[in-house]
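Visitor: I am new to this structure and should be grateful for a guided introduction. May we proceed by question and answer?

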Amino acid sequence: MIYTVENGHMSVSVKTKGAELTSVYSKDAEFEYLWQGDPDIWYGQAPILFPIVGRLLDDKYRLGGAEYTMPKHGLARKREFELVSKSDNSLVFEWTHDDETLQAYPYKFRLIVTYLLSGKKLSVKHEVVNENDGYMYFSLGAHPGFNCEMGDYIEFDEPETLETEKIDLVEALRIKDKAPVLSNSKNIIITEDIFNEDALILSGYKSKNVTLKSENHGRAVNFSLGDAPYLGIWAKPGAPYVCIEPWYGVNDDFEKKDDFSEKYQIQTLAKGETFEFTWSADIIDAEFPD
């Protein structure tokens, strides 16, 4: 089922499967900012990545001496969430552990996702609640795709010098090599071949925001990354969208770990605690300023 909130400028729609964003529409510009999905290119639109980001080595991990299997990007994107609250400008969805999730991820949790529309700004808050008697280990990431054209660019707030992690194209795991992306500059231009070797996976950036811009029109998306330590930027090569992906976690490499708690960039949550992560997108219609 799909639920919508709207105001005089914008409408935002979210489906219960995966609590996935499915539309970010500007009434002012009569323009859809969110990629609408295409099974021949990429069927997704804005999946939530939990409790892992990327792929595990052999799609498996060990925890407390037992072995578990987990698909790429985790479980949340394929599960039905419950709409627990709706107001004129917000939608709140919740997903909790059940017997099926415990087979793949043996933790009791709640994942709450709140969509808030204010003017032309969409904020998306994720809350992970640990309902276990001990520590809980997890990763969390966002994966929204925005419509764009070749030659559009992503501009960082500050000049950055960044390298991308490199990915093995067969196993979808990190390898030791890195490649330069920016050298004391701000802009990453979307080209036909920029994603030929998979996503750009960036860390160590100073900027808190990036903006998707174009030389061909005045529309833009100013995207707040929160405090996420990783930023993925990805699309199918040559496709007319780009995903801006703040992550608390990253793909495995080829080194086998003895326990899930040792996974690189894994998050740790104590009993009864809540982890919060918010990203936001400010829609800029240059022809229709506020």
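**A guided reading of the sheet and the core**

Guide: Strand S11, residues 121-130, has eight of its ten residues buried, so this strand is largely enclosed by the rest of the structure. Please bear in mind throughout that the model is a predicted one.

Visitor: In what order do the nine strands of the open sheet stand?

Guide: The nine strands of this open sheet pair in the antiparallel sense. From one strand to the next, the twist averages 25°. The order is S8-S9-S10-S11-S23-S19-S18-S15-S16.

Visitor: Which strands stand at the edges of the sheet?

Guide: A strand at the edge has a single partner strand, so one side of it is left without a neighbour in the sheet. The two strands in this position are S8 (82-86) and S16 (174-189).

Visitor: How many bridges join S10 and S11?

Guide: These two strands form a hairpin with two residues between them, where glycine 119 takes a positive phi near 60°. Serine 118 stands opposite lysine 121 in S11. The pairing of S10 and S11 is antiparallel, and the number of bridges is ten.

Visitor: Which residue in S10 is the bridge partner of tryptophan 95?

Guide: Strand S9 (residues 90-96) runs antiparallel to strand S10 (residues 109-118), and seven bridges join them. The bridge partner of tryptophan 95 in S10 is leucine 111.

Visitor: Which residue in S23 is the bridge partner of histidine 126?

Guide: S11 also pairs with strand S23 (residues 274-284), in the antiparallel sense and over nine bridges. In S23, the partner of histidine 126 is phenylalanine 277.

Visitor: Is threonine 211 buried or exposed?

Guide: Threonine 211 is found in strand S18, residues 209-213. A residue counts as buried under 20% relative accessible area. Threonine 211 has a relative accessibility of 6%, and therefore it counts as buried.

Visitor: With which side chain does the side chain of threonine 211 make a polar contact?

Guide: Not counting residues up to four places away in sequence, threonine 211 touches Tyr153, Ile154, Glu155, Ala220, Val221 and Asn222. The polar contact, at 2.7 Å, is with the side chain of asparagine 222.

Visitor: Which strand gives the largest share of the largest nonpolar core?

Guide: In soluble globular proteins, nonpolar side chains tend to be buried together. The largest nonpolar core here has 86 residues, of which Leu21, Phe50, Tyr105 and Tyr115 touch the most other members. The largest share of this core is six residues, and they come from strand S21 (residues 241-248).

How values were computed
Residues are numbered from 1 along each chain as its sequence is written. This is a predicted model: local features need pLDDT of at least 70, side-chain atom pairs count only at pLDDT 80 or more; totals for chains, interfaces and linings use all residues. Side-chain values use heavy atoms; hydrogens and water are left out. A nonpolar core is a set of buried Ala, Val, Leu, Ile, Met, Phe, Trp, Tyr and Cys residues joined through side-chain atoms within 4.5 Å. Buried means under 20% relative accessible area, exposed over 50%, partly exposed in between (1.4 Å probe, protein chains only). Helices (H or I, at least four residues) and strands (E, at least two) are DSSP runs, numbered from the N terminus. Two strands pair if DSSP finds at least two bridges between them. Axes are lines fitted to C-alpha atoms, for helices over the stretch in contact, and angles run from 0 to 180 degrees between N-to-C directions. A polar contact is a pair of N or O atoms within 3.5 Å; within protein, one must be able to donate a hydrogen and the other to accept it, and residues adjacent in sequence count only if both atoms are side-chain atoms. Contact means heavy atoms within 4.5 Å.
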